[in-house]
Amino acid sequence: MKFFGAFSQYKALSDEQKAFISNAQRKFVKTPDELVKFFKPMAVFDKTCDEARAQLLNYVILFGVLSFLGIFAAIVALAEDYLIVLPIELLMVLLTFVGIIIRWRLGKIDIHNNLREFVVPVVNLIGQDMEAGTKISLDLDLRGKTLDSKLKDTRKDDPGWFSYPKVTTRIYEDPWFKLTGQLVDGSKLILNVDDQVTRLDKTYKGSSGKIKSKTKYKVKHEIMAGLALKHKKYAVADNNALTNLGAGLKYKDGDNRQLICLKDKFKTQDVDAHLDPQRCLALLGKIFMSVQPAAEKGS
């Protein structure tokens, strides 16, 4: 069973790695290689943990169904064979509760999939464009997107007693990823990811007249990628090159550098959805495509 492997992998983690899983928030100042070495065992554990929780859910459903069927079997066999059926029924009930408890325990040490699906690939790819030994600053918050501390606004639409629908809207701000570093060509890199989560709790009257409740999430993801490029190495190809970058462009020309920032915004309805690292790389690629080596300016 996969949960044995998950607990084994968790036990093999260092105290520092376990502390990060527990807190899920920390600011790092390390080289990309150091960060990948630190995160990778946790990413492997997280994948096994997700697989184990999915497997346990299937077992819980199976044992729960068998327990339910066992009740009827016990009733039918009550007169003669209850001594055989009853122990089996108790075993199914016990296995159901054990599965629920183990799955809950794994959920307590689970970490958001953004660690393995986004953070590790992004840090690894950025490290390939940096001088060996150069450190980056990474501010990471994977505690969860709907914590009370991240709640920014609450609105209630209540038409009054016995009137429906009643809707409570909660808006959360989650700036969970901030990275800065210097690339091999001397350019300064900035990558930020901010998520805005809207939670809608709706109580309404169904077509049958019964009062029902449901919760819906809307997530707005915003990725910001910026490069501060040295004037002596890069120059904007032409004004059209900047204009073609779109409405999310932010451009600032300084004495020694020019800062070009781009944003990518998109929406999902899954609060646990992970980001595609290619979205960051695409923004950085667009920025580099808008400039040329300084010696070629005007050519």
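**View 1. Phe38 lies in helix H3.** The model shown here is predicted. Phe38 has a relative accessible area of 8%. Buried means under 20%, so Phe38 is buried. Leaving aside neighbours within four places in sequence, Phe38 is in contact with five residues named here: Glu16, Gln17, Phe20, Arg26 and Phe28. Val122 sits 84 residues away from Phe38 along the chain. The C-alpha atoms of Phe38 and Val122 are separated by 14 Å.

**View 2. Leu57, Ile61 and Val65 form a nonpolar surface patch.** Together, Leu57, Ile61 and Val65 have about 250 Å² of accessible area. Leu57 belongs to helix H3, which covers residues 32-76. The relative accessible area of Leu57 is 37%. That value falls between the 20% limit for buried and the 50% limit for exposed, so Leu57 counts as partly exposed. Phe38, by contrast, also lies in helix H3 but is buried.

**View 3. Thr31 is in the loop between strand E1 and helix H3.** Strand E1 spans residues 25-30. Thr31 has 11% relative accessibility and therefore counts as buried, the cut-off being under 20%. Thr31 touches Gly133, Thr134 and Lys135. Residues up to four places away in sequence are not counted among these contacts.

**View 4. Helix H5 has buried residues from Asn114 to Ile126.** The buried residues of H5 are Asn114, Leu115, Arg116, Phe118, Val119, Val120, Val122, Val123 and Ile126. One of them, Val122, has its C-alpha atom 14 Å from that of Phe38. H5 has 14 residues. At 1.5 Å a residue, H5 should span 20 Å. The end C-alpha atoms of H5 are 18 Å apart, which agrees.

**View 5. Helix H7 covers residues 278-289.** H7 has 12 residues, so at 1.5 Å a residue it should span 16 Å. The end C-alpha atoms of H7 are 16 Å apart, in agreement. Which residues of H7 are buried? They are Cys280, Leu283, Leu284 and Ile287. These residues cover an arc of only 95° around the axis, so they lie on the same side of H7.

**View 6. The buried residues of H7 pack against one helix and several strands.** The helix is H5, residues 114-127. The strands are E5 (188-205), E6 (211-230), E9 (257-268) and E10 (291-293).

Key
Residues are numbered from 1 along each chain as its sequence is written. This is a predicted model: local features need pLDDT of at least 70, side-chain atom pairs count only at pLDDT 80 or more; totals for chains, interfaces and linings use all residues. Side-chain values use heavy atoms; hydrogens and water are left out. Helices (H or I, at least four residues) and strands (E, at least two) are DSSP runs, numbered from the N terminus. The expected span of a helix is 1.5 Å times one less than its number of residues. Buried means under 20% relative accessible area, exposed over 50%, partly exposed in between (1.4 Å probe, protein chains only). The arc is that of the directions from the helix axis to the C-beta atoms. Contact means heavy atoms within 4.5 Å. Patches are made of residues with over 30% relative accessible area and no salt bridge: like charges are joined within 9 Å, nonpolar side chains (Val, Leu, Ile, Met, Phe, Trp, Tyr) within 5 Å. Accessible areas come from the Shrake-Rupley method with a 1.4 Å probe; for residues, only the protein chains shown count as cover. A salt bridge is a side-chain nitrogen of Lys or Arg within 4 Å of a carboxyl oxygen of Asp or Glu.
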